[in-house]
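Good morning, and thank you for coming. I should like to take you through a few local features of one model, beginning with a strand and ending with two loop residues.

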Amino acid sequence: MFANFIYFVIAILIYSTYQYSGSANDASFTEVLSVFFSLSAIFIYFIFSGFRRLEKSISNENSFLYYNKFDSFLNTCSIIAILLFAVDIYGLNLPSYTGSMPLFKSVPTFEALLFLCLFLIYLAIIWAFAFGAYKKLYYADDLSRLSYVTSNISFSIPIVMPWLLLSLAADIINILPFDGAKRFLSTTEGEILFFTSFLIIIAIFGPFLIQKFWRCKPVEDGKDRAIIESACKRAGVKISGILYWPVFGTRMITAGVMGLVSRFRYLLVTKALLSLLSPEEVEAVITHEIGHIKHKHLLFYLVFFLGYMLLSIAAFDMIIYLVIYAKPLYRFLIDYGVKQATVISISFGITITALFLVYFRFIFGYFMRNFERQADIYIYSFSDSAKALISTLAKIAYASGQPADKPNWHHFSIKDRIEYLKKCDADKRWIERHNIKIKKGMAVYLAGLFIIGSVGYNLNFGEKGKRINYYFVEKILLGEIRNNPGNPDLHAMLGDFYYSTKEFQKTKKAYENALSVYPDNPRVLNNLAWLYATCEDETIRNPSMAVALARRTVRIEEKPHFYDTLAESHYAAGEYKEAIEAGRKALALAGPDKSYYEKQLAKFMKYGR
């Protein structure tokens with residue numbers, strides 16, 4: 001089930017790293033739809049025929065082989081779904097058709113929801129066709145195909161909801177007239193603070209929403225509830241609710257806990273688990289879940305997610321440079337007509353996805369496995385023996401029909417867990433050894449996080465990082481200009497870059513080169529006029545030339561910031577009456593936020609009286 005979380009996160013990364021260029025494909029929309037439906041049909045046929053063959057081949061003999069075949073093919077199909085989704089986004093460029101829609105332009109989260117629903121449809125198709133083999137393998141006669149699909153969906157949705165809510169909150173802030181908030185959120189510090197605050201809020205209040213979404217019901221008064229309440233009271237743990245976890249009908253044998261604070265903390269158990277276990281075994285399972293709470297594993301999981309964010313920020317610039325600098329590796333794609341922006345977008349998506357997989361599979365997975373073991377051995381806080389938990393694990397392995405030594409990336413196998421508990425029964429020193437192992441692991445992880453954070457800070461804000469950025473950006477832009485000397489946008493980008501670094505002579509030269517290729521580019525004319533009017537380098541300032549360029553700009557296109565440049569140019573030339581006239585024009589064309597243009601006009605009028 002946890003694999004579904006990974007698949008959805010990868011889908012989010014694929015969509016998030018897509019760069020919308022503002023234009024659709026060279027192919028017609030009808031041709032794109034034709035390819036889309038053809039690929040979807042091939043995908044459906046492959047899934048259907050594969051699971052049909054598997055279902056027919058299943059027998060009671062050598063069941064371990066068929067469990068592995070089922071899991072392997074299910075994972076293969078899910079990976080194919082991810083690849084198909086990537087083709088839809090990067091290959092067919094589908095967001096280029098939806099991105100121009102007014103609703104999606106004003107609230108991009110709705111577009112994200114649309115494409116995540118497309119990915120969800122791909123997974124739902126897999127689950128629907130997988131049900132026959134699943135039912136035969138797990139003897140799930142009381143589970144319908146619809147229940148199997150909806151259980152998979154409901155279990156997976158909580159990983160998507162925080163991202164969608166975060167995205168929607170950002171959209172709302174951008175829609176509302178809070179310019180200060182918008183400017184702050186556009187900075188790296190603002191993004192980090194916004195994301196961290198939102199993640200903490202979701203971590204605190206999310207469990208309440210999740211248990212409602214899953215339609216969890218309270219465990220009724222009786223023997224089982226009394227055992228659970230007694231275990232919590234003995235451990236000094238407060239729980240908001242003890243709930244049934246209605247996943248996969250009545251077949252799922254599991255328990256869980258969620259919630260950082262007691263007000264929104266819930267213990268979840270399935271009916272199959274309670275019906276399978278003796279009172280002592282139910283108590284052992286609940287003690288395991290209490291172990292997660294007492295060792296603050298849920299808080300550490302939040303730290304790991306924040307750690308990934310920090311790692312992504314620290315690595316972001318270097319990934320961008322690596323992707324762009326590796327151009328010779330994908331030059332053949334560009335030569336065959338694939339847009340460079342698309343290739344870079346795909347390359348960045350692959351790199352950031354690989355970073356995610358490595359981090360969660362190896363780092364997060366390592367701690368998840370060891371946290372589970374630490375929760376197992378928490379039983380020794382109340383008992384000298386783990387016999388009840390050992391018998392519980394053995395029953396779960398037998399009832400699930402899966403081999404006890406089946407590996408798992410986020411849990412040790414049941415066989416490993418049982419063997420470690422037996423070692424602890426024989427020698428209690430193994431308990432403290434494992435606790436020390438986790439403490440050392442966390443110390444190394446936090447130290448690594450501190451180092452990565454320091455490197456990331458220096459790369460984003462330090463002087464060394466600025467020099468590295470300068471070197472790479474200049475190198476990349478100059479290389480692109482050598483390959484495409486007739487592209488005025490590249491010369492303009494180089495001019496913007498030099499202006500940001502206050503290399504005004506180079507700025508002037510770059511803008512002049514851009515105009516030599518495209519003389520009537522209003523943006524470049526405007527930027528060069530502003531440079532001549534306001535440059536702090538007196539050898540470059542030329543108010544009369546600024547006025548001439550700014551006049552050309554507004555003749556080509558009337559925009560408030562173009563008229564503002566014209567007004568500033570007249571002001572620099574001492575032509576205050578003309579500056580006031582142009583300033584009023586800029587104010588009239590301005591949108592809802594007129595504060596900047598009002599201040600500019602007041603400045604011009606002060607000297608024009």
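Please bear in mind throughout that this is a predicted model.

I begin with strand β4, and with its pairing to strand β3, residues 255-258: the two strands run antiparallel and are joined by 4 bridges. Within this pairing, V257 has L267 of β4 as its bridge partner. Strand β2, residues 241-244, is likewise joined to β4 by 4 bridges, but here the two strands run parallel. In that pairing, L243 is matched with L268 of β4.

Now to the faces of β4 itself. In a regular strand, side chains alternate between the two faces of the sheet. Which residues of β4 lie on each side, and are they buried or exposed? Y266 and L268 lie on one side, L267 and V269 lie on the other, and all of them are buried. Strand β4, which spans residues 266-269, is thus covered on both faces.

I turn next to a pair of helices. Two packed helices are described by the angle between their axes and the distance between the axes. For helix α20, residues 488-500, and helix α21, residues 504-517, the axes come within 8 Å and cross at roughly 165°. Because angles over 145 degrees count as roughly antiparallel, α20 and α21 are described in that way. Their crossing is left-handed.

Which residues form this contact? On the α20 side they are P488, H491, A492, L494, G495, D496, Y498 and Y499, and these meet F504, K506, T507, A510, Y511, N513, A514 and V517 of α21. By class, the contact comprises 10 nonpolar, 4 polar and 2 charged residues.

Beyond α21 we reach N521, in the loop that leads from α21 to α22, residues 522-534. N521 counts as buried because its relative accessibility is 8%, and the cut-off for buried is under 20%. Leaving aside residues up to four places away in sequence, N521 touches D489 and L515.

My last residue is L94, in the loop between α3, residues 63-91, and α4, residues 95-98. L94 has a relative accessible area of 12% and is therefore buried as well. Again setting aside residues up to four places away in sequence, L94 touches V32, F36, D88, I89 and F115. L94 and F29 are 65 residues apart along the chain, and their C-alpha atoms are separated by 9.3 Å.

Thank you; I welcome your questions.

Conventions. Residues numbered from 1 in each chain as written. Predicted model: local features only at pLDDT ≥ 70, side-chain atom pairs only at ≥ 80, totals over all residues. Heavy atoms only, no water. Buried < 20%, exposed > 50% of the residue type's maximum accessible area, 1.4 Å probe, protein only. Pairing = 2+ DSSP bridges. Axes fitted to C-alpha atoms, helices over the stretch in contact; angles between N-to-C directions. Parallel < 35°, antiparallel > 145°, perpendicular 65-115°, else oblique. Left-handed = near helix turned anticlockwise from the far one by under 90°. Contact = heavy atoms within 4.5 Å. Nonpolar A, V, L, I, M, F, W, Y, C, P; charged D, E, K, R; others polar.
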